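Got the viewer open? Here is a walk through a few spots, one selection at a time.

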Amino acid sequence: MAIKKQLKQAVELLDRGLDKNIRVCVTGLSGSGKTAFITSLMSQLLHQKKAQLPFWLAHAESRILGVKQITYTDLHIPEFPYKEAISALESHQWPKSTINISQSRISIKFEVKNKWLKRIQPHSHLNIDIIDYPGEWLLDLPLLDLNFITWSKQFYEWANKKPQSKLADDWHQSVNNLLKAPSSESDIKLLAKEFRQFLVRCKDSSEGIHLIQPGRFILPGDLDGAPVLDFFPVPSHVNISDELAEKLEQRFNYYRDNIVKPFFKEYFTSVDRQLLLVDVLKVLNCGYDSYRELQQTLSKLITSFDYGQTNWFKRMFQPKINKLIIASSKSDHVPPEQHNAMRAFLSNMLIDAENQVGYQGIDVATVVFSAIQVTEPVLAEHESKKLACVKGIEFENNKEVINYPGKIPTEPMSKKQWSEQRYNFIDYAVPDLATDKQLPHHRMDRLIELLIGDKFL
Ligand SMILES: Nc1nc2c(ncn2[C@@H]2O[C@H](COP(=O)(O)OP(=O)(O)OP(=O)(O)O)[C@@H](O)[C@H]2O)c(=O)[nH]1
Ligand SMILES: [Mg+2]
């Protein structure tokens, strides 16, 4: 009887110790590669039997017995469109930019390694939950700690900085003019529309602007046309009627409390591991102002997920994130000789935020990877020197190119140094890929090990 009881206790311990469910939160701005990453992750896992994944230790030890996609219990959330993503790749297209939420649950059955645990249960399984969503919505996270006045103040500080200040003239004029007169509901609607148009100009510009808030103003989803989106920030020097101030504040509060808060509450609660994807190539192309703006945007995001006592996220969710992986996606845009530089660049950019998170006892790792490798490294001759380049199909014209993108700096650059650099990172199309085996990648196995490797005890 005593043995039976001990065994029961051991099994309970094992269950807890093995932590059978893990929730991975993939964060990243629009275009940073979230959907490509999830597609590749599923492809690597579902084809693991014949896959090359040497940095995933449990796999290298041949302890992964099988992987399957299982039904998620939250029946109201659509399933991640893996099949659609694969068929897009088969027709040489990238999966479409995401416009709504989806979720996937993958179950991995594995052989237990720990010799004590193994006696009780030779096999175990780990369920991984992962969600995909439009990157634009992520930028609403910092709004949760703001009220209408602080948000307006922050907005105009941001709008007066380059590069976005170059696009803000029309908006400043509209808000100044219209607010001089008493504002009817139709004036408010019109101004809100002009505000959205300004945000869309920022998003579509080639200047590399990132902090485009509120996210639903760019990608409203099912809120298209809803009055909750009829608000805009008011500059502090403009005096508006109490009635208008109250209306705008009410809508801001409604947006924050009834749209943004439930979104983060539902999808970001109980996250165990966080992966932050960053497209560093875009800022290298766009230059200093874009770099600074991305740095500030990401730092703001990281510290919104911050785990400090005073933070809204902590107060609400008691998060248990114990690992943050900051990853530079699309490493196939640069030759392997520059991967270390790419990592150093990312690390330098986020050093302060990383330091802050690390101080709170959270493991932080920085990596470079490519979810779907669509280029190959080649050596090209230039002025009788060999130059490490990449060869791929240029997205814009569907022609094969050999591209030297420029040398990524390993040390932070001054504004002058930035102005002297020229980068030429181009977008690549999807070549002919076999999709009934693991998708070609760079370091997805390292990322899998960092994200979940410690769960295969
Ligand atoms: N070469 C290369 N390009 C990539 C890779 N991953 C993503 N891309 C490019 O980046 C684009 C955006 O990737 P997505 O995965 O759609 O980005 P996202 O973060 O899901 O963006 P949203 O859905 O808009 O939030 C793709 O259409 C590709 O052009 C990669 O591993 N290699
Ligand atoms: Mg996406």
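Select Q69 first. This residue sits in strand β2 and is partly exposed, with a relative accessible area of 28%. Keep in mind as you look that everything here belongs to a predicted model. Now add S107 to the selection and draw a distance between the two C-alpha atoms: you should get 6.1 Å, for residues that are 38 apart along the chain.

Staying with β2, step back to the loop that leads into the strand. S62 lies there, between α3 (57-60) and β2 (64-70). Is S62 buried or exposed? At 57% relative accessibility, S62 counts as exposed. Check the backbone too: phi of S62 is near 55°, a positive value in a residue that is not glycine. That deserves a pause, because most residues other than glycine have a negative phi.

**On to ligand 1**

Select ligand 1 and show its surroundings. The shell holds 20 residues, and those that come nearest are S30, K34, S97, T98 and G135. Colour the shell by residue type and you'll find seven nonpolar, ten polar and three charged residues.

Next, pick out some polar contacts to oxygen atoms of the ligand. Which distance goes with T35? A polar side-chain atom of T35 lies 2.9 Å from an oxygen atom of ligand 1. Try K330 as well, where a polar side-chain atom is 3.0 Å from a ligand 1 oxygen. Then go to S370: an N or O atom in its side chain is 3.2 Å from an oxygen of ligand 1. If you turn on surfaces, here is the number to go with the picture: taken alone, ligand 1 exposes 650 Å², and the protein buries 91% of that.

Don't leave K330 just yet. This residue is found in the loop between β6 (323-328) and α14 (339-349), and is partly exposed, with a relative accessible area of 22%. Its phi is positive, about 65°, although K330 is not a glycine.

**Helix α2**

Which element gives the largest share of the shell around ligand 1? Select residues 34-46: helix α2 makes that contribution, with three residues. Put a distance between the end C-alpha atoms of α2 and you'll read 18 Å, which agrees with the 18 Å that 13 residues should span at 1.5 Å a residue.

How much of α2 is covered? Twelve of its 13 residues are buried. Among them are K34, T35, F37, I38, L41, M42 and L45. While you have the helix up, look down its axis: an α-helix has 3.6 residues a turn, so residues three or four places apart point the same way.

**The magnesium ion**

Now select ligand 2, the magnesium ion. Which residues coordinate the ion? They are T35 and T98, each through OG1, at 2.0 Å. The pair brings together distant parts of the chain: T35 belongs to helix α2, while T98 is in the loop between α4 (82-90) and β3 (102-111), 63 residues away. Both threonines are worth checking for cover. T35 counts as buried because its relative accessibility is 14%, and T98, with a relative accessible area of 14%, is buried as well.

**Two cis prolines**

Go to the bond between K162 and P163, which is a cis peptide with omega about 5°. P163 lies in the loop between α7 (148-159) and α8 (169-180). For another cis bond, move to Q213 and P214, where omega is near -5°. P214 is in the loop between α9 (185-204) and α10 (242-268). Both are worth a look, because most peptide bonds are trans.

**Last stops**

From there, follow the chain into helix α10 and select R256. With a relative accessible area of 15%, R256 is buried. What does its side chain meet? A polar atom of the R256 side chain lies 2.7 Å from the backbone oxygen of L146.

Finish with P440, in the loop between α16 (415-420) and α17 (444-452). P440 counts as partly exposed, at 30% relative accessibility. Add T375 and draw one more C-alpha distance: 9.8 Å separates the two residues, which are 65 apart along the chain.

Note on methods: Residues are numbered from 1 along each chain as its sequence is written. Chains are lettered from A and ligands numbered from 1 in the order in which they are written. This is a predicted model: local features need pLDDT of at least 70, side-chain atom pairs count only at pLDDT 80 or more; totals for chains, interfaces and linings use all residues. Side-chain values use heavy atoms; hydrogens and water are left out. A residue is near a molecule or strand if one of its heavy atoms lies within 4 Å of it. A polar contact is a pair of N or O atoms within 3.5 Å; within protein, one must be able to donate a hydrogen and the other to accept it, and residues adjacent in sequence count only if both atoms are side-chain atoms. Accessible areas come from the Shrake-Rupley method with a 1.4 Å probe; for residues, only the protein chains shown count as cover. Helices (H or I, at least four residues) and strands (E, at least two) are DSSP runs, numbered from the N terminus. Ala, Val, Leu, Ile, Met, Phe, Trp, Tyr, Cys and Pro count as nonpolar, Asp, Glu, Lys and Arg as charged, and the others, Gly among them, as polar. The expected span of a helix is 1.5 Å times one less than its number of residues. Buried means under 20% relative accessible area, exposed over 50%, partly exposed in between (1.4 Å probe, protein chains only). Donors are N, O and S atoms within 2.8 Å of the metal (3.2 Å for Na, K and Ca); water is not among the atoms, so sites may look incomplete.
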